[in-house]
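Subject: Handover of a structure and summary of findings

Dear colleague,

Please find below the structure that I am handing over to you. A summary of the findings follows it.

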Amino acid sequence: MISHRAIWDGIDTLARRHGHSVSALARLAGLDATAFNVSKRVSKDGRERWPSTESLAKVLEVTGENFESFLAGSGAYMQLSGLSEPPGSATVPLIGLAQAGSGGFFDSAGFPAGQGWDEVALPSPHDNGIYALEISGDSMEPLYREGDRIVVSPTEQVRRGDRVVVKTRDGEVMAKILARQTAKQIELHSLNPAYEPRLLDTVDVEWMARIIWASQ
């Protein structure tokens, strides 16, 4: 049996995975902004409240996920599969640099402490199509150095300013910053000022994928 807590955990995880609060997720699905609030999950007399199947269907539709991926992000996955934790569930504490400097967010050893921390999901092997590459050359120094490993996602949307991996039809593979993209041309920049910008005709580019993580 899938528990009440597991279903609500699944909704919380679904919202985080798509960069939303539960209120924003509800609005995106055309529901009342408070539909998934913690206060709505248990009635005043202590009875458990469950989200409706209609509301679940709506949030799955707007996020492009199915019920299997929803279960994989909830405690329900553990109940049904016997795993100690669902795949792709790893998160780390997150806080802004400016806020972190105000004090009270770290203990004396430098570990996260106190309230006010958010969470960010780490990429997992279960994310669709992600893979790792090892950096060679110095065109992206000082951000990426020779031997650093980057994690790349071919399914993530690429925007101006993103760090990307590009493969040309001639077989060249490079890590760059996407400076500009039009229907006919792609402009790529290096971080190392010793390297000139690259202008590539779109027809000469086989694919371009976003860098989502780096291990240094």
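Leaving out residues up to four places away in sequence, Glu65 touches Leu14, Arg17, His18, Leu60 and Phe70. Please keep in mind that this is a predicted model. Glu65 is located in the loop between α3 (53–63) and α4 (67–72). Is Glu65 buried or exposed? Its relative accessibility is 17%, and because buried means under 20%, Glu65 counts as buried.

One of the residues that Glu65 touches, Leu14, deserves a closer look. With neighbours within four places in sequence set aside, Leu14 is in contact with Leu25, Val59, Leu60, Thr63, Glu65 and Phe70.

The nonpolar cores

Leu14 also leads to the next topic. The largest nonpolar core has 15 residues, and Leu14 is among those with the most contacts inside it, together with Ile11, Leu25, Leu31, Phe36, Val59 and Phe70. Helices α1, α2 and α3 each supply at least two residues of this core. Which helix gives the most to this core? That helix is α1, with five residues. Apart from this core lies another, of ten residues, which includes Tyr144, Val152, Ile177 and Ile211.

The aromatic pair

How many aromatic pairs does the structure hold? It holds one. The ring centres of Trp8 and Phe36 are 6.2 Å apart and the ring planes stand at 70°, so the pair is edge-to-face. For this reasoning you need one cut-off: planes over 60 degrees apart count as edge-to-face. Trp8 belongs to helix α1, whereas Phe36 sits in the loop between α2 and α3, and the pair thereby links distant parts of the chain, 28 residues apart. Both Trp8 and Phe36 are buried.

Ser21 and its surroundings

Phe36 also appears in a distance to Ser21: the C-alpha atoms of these two residues are separated by 9.7 Å, and the residues are 15 apart along the chain. Ser21 lies in the loop between α1 (4–17) and α2 (22–28). The side chain of Ser21 reaches the backbone nitrogen of Ala24 at 3.1 Å. With a relative accessible area of 41%, Ser21 is partly exposed.

The strands

I now turn to the strands. Strand β6 (residues 173–181) and strand β7 (residues 185–189) run antiparallel and are joined by four bridges. These strands, β6 and β7, form a hairpin, with three residues between them. Which residue in β7 does Ile177 stand opposite? The residue is His189. Ile177 is also among the members of the ten-residue core.

Strand β7 has a pairing with strand β8 (residues 198–201) as well, in the antiparallel sense and over four bridges. In this pairing, Glu187 has Leu199 in β8 as its bridge partner.

The salt bridges

Side chains of opposite charge can pair when their charged atoms come close. How many salt bridges does the count come to? The count comes to eight. Three of them are described here.

In one of them, the side chains of Arg210 and Glu156 meet at 3.3 Å, N to O. Arg210 is in strand β9 (residues 205–215) and Glu156 is in the loop between β4 (149–153) and β5 (163–168), so that distant parts of the chain, 54 residues apart, are linked. Arg210 counts as partly exposed at 25% relative accessibility. Glu156 is likewise partly exposed, with a relative accessible area of 36%.

Another salt bridge brings together the side chains of Arg198 and Glu172, at 3.1 Å, N to O. Because Arg198 lies in strand β8 and Glu172 in the loop between β5 and β6, the pair ties together parts that are 26 residues apart in sequence. Arg198 is partly exposed, with a relative accessible area of 27%, and Glu172 counts as partly exposed at 35% relative accessibility.

A further salt bridge is formed by Arg180 with Glu187, and the closest N and O atoms are 3.3 Å apart. Arg180 is partly exposed, with a relative accessible area of 36%, whereas Glu187 counts as buried at 19% relative accessibility. Finally, salt bridges that share partners join Glu156, Asp162 and Arg210 into one network.

Yours sincerely

How values were computed
Residues numbered from 1 in each chain as written. Predicted model: local features only at pLDDT ≥ 70, side-chain atom pairs only at ≥ 80, totals over all residues. Heavy atoms only, no water. Pairing = 2+ DSSP bridges. Buried < 20%, exposed > 50% of the residue type's maximum accessible area, 1.4 Å probe, protein only. Contact = heavy atoms within 4.5 Å. Polar contact = N/O pair within 3.5 Å; in protein donor to acceptor, adjacent residues only side chain to side chain. Salt bridge = Lys/Arg side-chain N within 4 Å of Asp/Glu carboxyl O. Phe/Tyr/Trp six-rings, centres within 6.5 Å; stacked < 30°, edge-to-face > 60°. Core = buried A, V, L, I, M, F, W, Y, C linked by side-chain atoms within 4.5 Å.
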